[in-house]
Amino acid sequence: MHRRDLLVSTLAGTGALAFAPRLAAKGKRDWAALARRDLKPIQANLANVYATGNRTMVSSDHPYATEAALWALERGGSAADAYMTAAIAQCVLEPTMTTLGGGFGMAFWEAETGQLAQGGGLFAFPSGAPVSEPYDERKSWTAWGAMVPGFVRGLQTCHDTWGKLPWKDLFEPAIVFAEEGFVIDHMLWGYAKATRKMIGRFPGPGRDAWFRDGYMLGVGDMLRQPALAATLKALRDEGPDYFYTGPFARDLVAEVQRRGGGITADDLKNFDQAYVSPTWKPGDAGGTPYRGFEVAPVSGALFQLGLRVYEAADLKDMGRPTESVEALHTQVRLVQELWIRGRDLTPENQARFVSADHAAEVLEAIRTGPPRPFRGFSAATCALTIIDAEGNIAAGTHSSSSEPFGTGINVGGVILNRATFIRKFTDMPKGFSTLLWLFRDGQPALVMATPSRSLMECLLQGAANAVEYGMPLTETVSAPRFGHPHPGMTAIEIEGDFSEQLLTALAAKGHDLYRVTPKDMNMGSIHGVRLSAAGPIEGVADPRRRGLAKGA
């Protein structure tokens, strides 16, 4: 049976025949059939972790987002189009992680020109709750905690710069998932259950979608979001101005101000936090060396310094961190030093910050100094890494940058963020990134993106596993890891499948440890690709989330 016929047949078994002919006639991926297929337990997802491809590769933290990206590639879109299509779909599929009311970002490698740049849309402070206003925990639970969202303007800027597909095409998978629904899996339900107080706290689309007959939906139920589908259709048909100056903008301002927030119509109309960075080429200023690779500046100064420390320490000769307490201690202490030293990073001292001399100083502090714990924070995120048939690569993260369901305010199906860490944590390091790009001989060799609060920890450990220890990609992402401290705590979260002997030895070095279940999603989720001239493209999706790597 042909694959599309099989999907339509699968759909017919769900009682959704009215939808199947429309998809079949248009020759499009049967999104509804994909959404209604059997809900697999997490053990079955291990087959989704690794894939190879001769022309294309997609890795995302949700299987349907991967399918959405593949559809965009099949339609003739670039890796940037596929990234944007999947990111919009994730606003429907993973509303606990990312929303149109959050921020958007991606880095794009243009193979033809050999140039790398970043683009997206950041948050802006509301004029009615300016940056100078001190953090207030009580007010943070109102709309005062919401920042002016940059997702849609960031999306527009990236599409104008790198997009090949028409704007309207980017929204199709997301609209179908929002309108026709999809099966709630354990991952989505778990986050929703943990933050259930926020979902339906106000009357409106959030409560309507998630509570049926007064009871919250559960695993295996269909989640339909008709209000979000209507907003996505309007964005498709009317363009980004619908969000910032049109009817949606008016509704957003009215609801935010009603709930105690400070976003104004002028804040949306004059939003200016969308950007595209200057381009960079391998060999240009800004890159740093590491084990024969060049670390691109989009990776951020903290990763550039961290990888220099790895090489200076000769980490590979210490043994793997699952066997060597010295290797594990070095990696943990490195994160602490980066987090604390990153607070003093400035444009003026960046060259010194990422230098070999500074790396030697950091290594000496690791070897001779005591642990330097720091307080953790939390922000939900989604990640994507995509290669198209022309060799273009898009990678990055997009995020609500808040706890799931944000402020609990839902306008037109769009969840408003509660990005309180931007206000609350005034000592955040600068120069950190959710991306790691390693180049060899002027070409991308290893590209990784991560969601989750353990962004620094997991990508540094991923690089160590792949480069220092030469692990295959499957082992790179599935090996035991430590992560970011729990929000408000300073103890290191560390997966419990490290040996008892190793954990005891690490604690004896002065580290406060908070053991967690193996494969814990808060240890970070790596979505990456590895390229070489001698073999196929390799893709990997971290098993800590319900991701999927898939190539062609």
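In this predicted model, a good place to start is the pair formed by helix H7 (residues 172-180) and helix H11 (residues 226-238), which pack at an angle of about 155° with their axes 7 Å apart. Angles over 145 degrees count as roughly antiparallel, and H7 and H11 are therefore roughly antiparallel to each other. The crossing of H7 past H11 is left-handed. If you would like to see the contact itself, look at Ala174, Ile175, Ala178 and Glu179 on the H7 side; they meet Pro226, Leu228, Ala229, Leu232, Lys233 and Arg236 of H11.

Now turn to helix H4, which covers residues 63-74. From first C-alpha to last, its 12 residues reach 17 Å, close to the 16 Å expected at 1.5 Å a residue. H4 is mostly covered, with 11 of its 12 residues buried; among them are Pro63, Tyr64, Glu67 and Trp71. After H4 comes glycine 76, which has a positive phi near 100°.

Further along the chain, you can pick out an open sheet of three strands in the order S18-S19-S20, with mixed pairing. Strands S18 (482-483) and S20 (513-516) are its edges, each pairing on one side only. Strands of a sheet pair through backbone hydrogen bonds, either parallel or antiparallel. Here, strand S19 (residues 492-495) pairs with S20 in the parallel sense over four bridges. To find this pairing in your viewer, go to isoleucine 494, whose bridge partner in S20 is arginine 515. Helix H22 (residues 500-508) lies across S19 and S20 and runs at about 155° to S20.

Methods
Residues are numbered from 1 along each chain as its sequence is written. This is a predicted model: local features need pLDDT of at least 70, side-chain atom pairs count only at pLDDT 80 or more; totals for chains, interfaces and linings use all residues. Side-chain values use heavy atoms; hydrogens and water are left out. Two strands pair if DSSP finds at least two bridges between them. Helices (H or I, at least four residues) and strands (E, at least two) are DSSP runs, numbered from the N terminus. Contact means heavy atoms within 4.5 Å. Axes are lines fitted to C-alpha atoms, for helices over the stretch in contact, and angles run from 0 to 180 degrees between N-to-C directions. The expected span of a helix is 1.5 Å times one less than its number of residues. Buried means under 20% relative accessible area, exposed over 50%, partly exposed in between (1.4 Å probe, protein chains only). Angles under 35 degrees count as roughly parallel, over 145 as roughly antiparallel, 65 to 115 as roughly perpendicular and the rest as oblique. A crossing is left-handed if the near helix is turned anticlockwise from the far one by less than a right angle, and right-handed if clockwise.
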